[in-house]
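Notes from a session with the model open. I wanted a look at the surface first, then at how the chains meet.

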Amino acid sequence: QELCDRQKNTNVRLSLPAVCIVWQTAMIILFGVFIRYNEESSPRWVEYRKAKNISSDIENDFYFRYPSFQDVHVMIFVGFGFLMTFLKRYSFGAVGFNFLIAAFGLQWALLMQGWFHSLDYSDGKIKIGIENLINADFCVAGCLIAYGAVLGKVSPVQLMVLTLFGITLFAVEEYIILDLIHAKDAGGSMVIHTFGGYYGLSISWMLYRPNLDQSSRLQGSVYHSDVFAMIGTLFLWMFWPSFNSAITDHGDGQHRAAINTYLALAATVLTTVAVSSLFQKHGKLDMVHIQNSTLAGGVAVGTAAEFMLMPYGSLIVGFCCGIVSTLGYIYLTPFMEKYMKIQDTCGIHNLHAMPGVIGGIVGAITAAAASESVYGHEGLINTFDFEGEFKDMVPTRQGGHQAAGLCVAICFGVGGGIIVGCILRLPIWGDAADDNCFDDEAYWEVPDDEETFPQVPQYNNHMRNKDV
Amino acid sequence: QELCDRQKNTNVRLSLPAVCIVWQTAMIILFGVFIRYNEESSPRWVEYRKAKNISSDIENDFYFRYPSFQDVHVMIFVGFGFLMTFLKRYSFGAVGFNFLIAAFGLQWALLMQGWFHSLDYSDGKIKIGIENLINADFCVAGCLIAYGAVLGKVSPVQLMVLTLFGITLFAVEEYIILDLIHAKDAGGSMVIHTFGGYYGLSISWMLYRPNLDQSSRLQGSVYHSDVFAMIGTLFLWMFWPSFNSAITDHGDGQHRAAINTYLALAATVLTTVAVSSLFQKHGKLDMVHIQNSTLAGGVAVGTAAEFMLMPYGSLIVGFCCGIVSTLGYIYLTPFMEKYMKIQDTCGIHNLHAMPGVIGGIVGAITAAAASESVYGHEGLINTFDFEGEFKDMVPTRQGGHQAAGLCVAICFGVGGGIIVGCILRLPIWGDAADDNCFDDEAYWEVPDDEETFPQVPQYNNHMRNKDV
Amino acid sequence: QELCDRQKNTNVRLSLPAVCIVWQTAMIILFGVFIRYNEESSPRWVEYRKAKNISSDIENDFYFRYPSFQDVHVMIFVGFGFLMTFLKRYSFGAVGFNFLIAAFGLQWALLMQGWFHSLDYSDGKIKIGIENLINADFCVAGCLIAYGAVLGKVSPVQLMVLTLFGITLFAVEEYIILDLIHAKDAGGSMVIHTFGGYYGLSISWMLYRPNLDQSSRLQGSVYHSDVFAMIGTLFLWMFWPSFNSAITDHGDGQHRAAINTYLALAATVLTTVAVSSLFQKHGKLDMVHIQNSTLAGGVAVGTAAEFMLMPYGSLIVGFCCGIVSTLGYIYLTPFMEKYMKIQDTCGIHNLHAMPGVIGGIVGAITAAAASESVYGHEGLINTFDFEGEFKDMVPTRQGGHQAAGLCVAICFGVGGGIIVGCILRLPIWGDAADDNCFDDEAYWEVPDDEETFPQVPQYNNHMRNKDV
């Protein structure tokens, strides 16, 4: 009976393979034309080392960043993927489509970010190393955040389109914020979370489904799916210090970013638990909050993690974000769905968009308050890159630039989302009907679970000490 | 009907938020007063590096310890959290409360351990870096071990109290053992596992519930919950080499500790399997043993991992611990519950307390047997820190100090547990009634799983090849 | 009724403990005689450092390789273990026996590989450090691959025998390929995947069960077991860059191997999705392909990852492997079962054997095409170890040696598998009857799941908004 109600055709048998094969072929060609190893990942490293008088292989950037890279990689694929498995019948789509679009997105990101940041003008090639891989993963994160808003409501082909444009917008927005405006955003509160959050919310707004309650039977979780989602939550939470420190300066920059993130996240857990308990009847905790709001502190220290936010400053940021994010789940998400026509499956507004904006503001304030007495003369220059064309920059002005960066991120997110949302409304993408959302049956061969259950009556014969 | 039998009120709607908000606020204030970055995590690192003639940023302690730190972090949150998800209906509580108390505990640990170990007397501030984060995670581990003994029987508020006092006791005990007694315990066999184990067991003894069999329907596992628990087991097992090497000496110290732990754990797996099979009817393996006893070897080489335990020595320790721990689960846990009124949900006596004591003894013997012929002159001094006021120390005497340290850990565990257990018996904490233990319903909004199951009869119509 | 049909006795109550205890005791004795710390993991490191004029502890090999080691360790225990949990009722066996044989195998591998590669002829001892641990994990991987072919059809005692001989064969084969033939194979396309794949397939061929369809009710997955398997898939996928770079040269070697593997795996995901969708009715994706074929690219760049494969070359390899592997699952696995009497539970032919052979060929071609213009003079020598007795080697000849290495791997796999398969056919090992395969009941105490299910009718009373 499930099948006969469908008005829409979710068969992606031609479109999905076509998109995957064609785009992957395009990647091979573009990589062939543009992408090469940089001096630290090519065999000429031996000569480079000698020329630069580098005393040991351990000073190859690989060893500064590879552990963080792997942690970020886990966040992208296991963290984001499993965080979205909470729905009772959309775990395949959550973890599987997350896998697909991340694997495509990182290739396109290497190209897009490479053209802006790693182009060697001497030969017109993009030279890549470990830092490019981290940045590609970061870039992908923006699109995965957006996926959270539309989880269960779009087809894999739509997700590929969302990712293609998302990566492109990201790279441009990032170039404007980091290079032109000279804002700092190592942990990506603005460029990743604010952009990704509003990008996804705008798309979700454009794809509003008034009759989504037709699939309400599938919108909740079951016991085990909530436990699976905690795998995602915890790997995101644990490795967030690596996320925020992965591309900060060698030495104290990475060290401090990790400490600040560690502390902010710890504080968030406590206020999330407090608010979750306080606003539920009987004081019972809600897994939605524990799975999501506990991460808000990591988002919100993204920009300032490498600054002198101070340990107590990190705790304060985490404290506030746990409260704001949990209240967002309780009040704002239902409000947005009812009155603003924004259906936000994973509540990314509470986990990424709002904390991202908070992070941008915290970054601006912290930057504006910087001084040589706190950072030291060289420390101030190093931390904020007051070098080259920005050697006359001062902290207060840097604070203004940070704020400008935040505005750019919001504009790109909202504007880009509306445009891409329009494209995704075309009736060619194979998305599911309203009563068929949040159901892996649409795009996956789902195993029948019956073989296990019929044994229940049989088991009952052997039951001892049964008190039901 | 489940609700009407309750004599106790598990509503923590006021107490839990109050504890979380007040204590987190206290943390912010104390961090504001006391905690600052150390010279390796502050922007003054550039100047410090030059002053100390350090040639590269890669010599920042961050790069020596960050990969191990992240592994330890995974052990604390995923390892301990998922290890306890084995109960059929307490997975939310296992992983969620583990998350809560670890997030609180690490903040309090940074303060408590900081006052003892990282206080800069020139300005009265605690200066923190990556090693402090690792030690905070270690400190938390003691409380999470204790949680294992009382899993399913206490309220989150009780767990917060358990953690507050546990961290405090830990810091004092650790200071006495490591600084005053000058015992070495890099992997924490004594300070973490012995202390944490007896702390939890004493609390469980104080909180003895004679009618706990009223919730016996919930005390077992189901198939999937056992698989979830294996996630915890494996992440603990795999990352234990990082746990034991995280704060050992740079260079050979970390290297050797990792090797010894790797080997001890491997041997433990084989003897655990052997004993589990041998003592069950039909030779069938028991998941309880595989989930827990396989880890005992890692506990027991904690103290000696950085010493010259030798590869075969590590195997011997692991060999013995697999046997002892599995036999503990088979014989000792039921005995303790029946005759000693100690209800040990996760069997921490077998996984932490006994192996911890074995580890302390192995450490004492290995230290007493140390000699310059094996360690080299400098190696002996470096390994045992025979410097400063201990420059006249000799290995045999060090062995005695190790044994003294073990006694202190046991005393603090038992004594502290009894006192804290008394406090937790007060009728104000919102713990569950006997027939309501091991049930997430008490403190969590649990999703109804009915949506999935009613489809079973419907599926049956499509069943082919069915032989039931 | 399940019990009464059995013709075979799966009771391993004597044999399994005996094998575990005796072999573990043998390990202790052999470790006592042979295994010692090397100069970087012994306390004499301080003196060694000074003698070698090494400026910092950070240049201890531990810091170059430990993060990769831990990633490899996760792949071995969580990756391989959880990848095999896809069967509805063999998750305990998948993750538990994987754990057992890996823990035994790594000890035996340290000895076997040590005799060939790390024997200090001055005192007849094997000197171990972090690289030995990585190689031991690699060696174990070969046996775990073989386990995939016989998953659910063999007893744990058979698996121990499979591992004992598998490790032995591996060490000999590896010595011939790497040392005698001087082929390069850092990521083990040949020595690990090709060998392990054909070893397992040959054993499965020898153990052919014509009536295996008697347990067909247990050969599929259920919804949650597919999600568990994705944990294995993702940890293998994410950490494969560490696998392929773990033992490559310091500096650019590790850096490049990680980049190439990262890219190859990304491309594989897209073509796997494309082929999976294209060849299924309605274009629905099959979890078997997503779980397995997405990894083929990592296998196939194993040999060439450290060479100048170029980023686009990595993408091409990944592109092809995704297609080949997925088509293998669709057409080749059923063909092999029907016509070649090879029952390959996990499809290791598609995931390891074929991609391994492709990897060997890609390695041979890439090596043969190497030139000083691309690698630089020193880079070429470093990358291919054209030193010592091989200082007159040239790239084209190296290509031939690579091809020879591939042949050796196939021969050892097929030949070794047939011999070991013969041994495993002896009627003494406690394997299950045909109608009892793929069932954890045979070797595990499996919890009754009934306690949860009887509550369903009770829950129904509270059900609201139910539309079934």
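**A greasy spot, then the B/A contact**

Started with a nonpolar patch on the surface: A:Leu14, C:Leu278, C:Phe279 and C:Tyr331 make it up, and together they offer about 420 Å² of accessible area. I keep in mind that this is a predicted model.

Picked out C:Leu278 from that patch. I find C:Leu278 in helix H9 of chain C, which covers residues 252–278. Buried or exposed? C:Leu278 is partly exposed, at a relative accessible area of 34%. Patch members need over 30%, so C:Leu278 with its 34% clears that cut-off.

Next, chain B against chain A. I get about 7600 Å² buried between the two, with 70% of that on carbon and sulfur atoms. Which three residues supply the most of what chain B buries against chain A? They are B:Tyr37, B:Phe99 and B:Glu445, and they give 10% of that area. The contact draws on 87 residues of chain B and 86 of chain A.

Then the polar side. I count 24 residue pairs in polar contact between chain B and chain A, both partners at pLDDT 80 or more. How many salt bridges cross this interface? The rule finds one. A:Glu378 and B:Lys50 form a salt bridge, and their closest N and O atoms sit 2.8 Å apart.

Last, I listed elements on chain B's side. Those giving two or more residues to the side that touches chain A include helix H1 (15–34), strand S1 (35–37), helix H2 (45–51), helix H4 (91–117) and helix H17 (455–460) of chain B.

Definitions and conventions
Residues are numbered from 1 along each chain as its sequence is written. Chains are lettered from A and ligands numbered from 1 in the order in which they are written. This is a predicted model: local features need pLDDT of at least 70, side-chain atom pairs count only at pLDDT 80 or more; totals for chains, interfaces and linings use all residues. Side-chain values use heavy atoms; hydrogens and water are left out. Patches are made of residues with over 30% relative accessible area and no salt bridge: like charges are joined within 9 Å, nonpolar side chains (Val, Leu, Ile, Met, Phe, Trp, Tyr) within 5 Å. Accessible areas come from the Shrake-Rupley method with a 1.4 Å probe; for residues, only the protein chains shown count as cover. A salt bridge is a side-chain nitrogen of Lys or Arg within 4 Å of a carboxyl oxygen of Asp or Glu. Helices (H or I, at least four residues) and strands (E, at least two) are DSSP runs, numbered from the N terminus. Buried means under 20% relative accessible area, exposed over 50%, partly exposed in between (1.4 Å probe, protein chains only). Contact means heavy atoms within 4.5 Å. Buried area is the accessible area (1.4 Å probe) that two parts lose on being put together, summed over both. A polar contact is a pair of N or O atoms within 3.5 Å; within protein, one must be able to donate a hydrogen and the other to accept it, and residues adjacent in sequence count only if both atoms are side-chain atoms.
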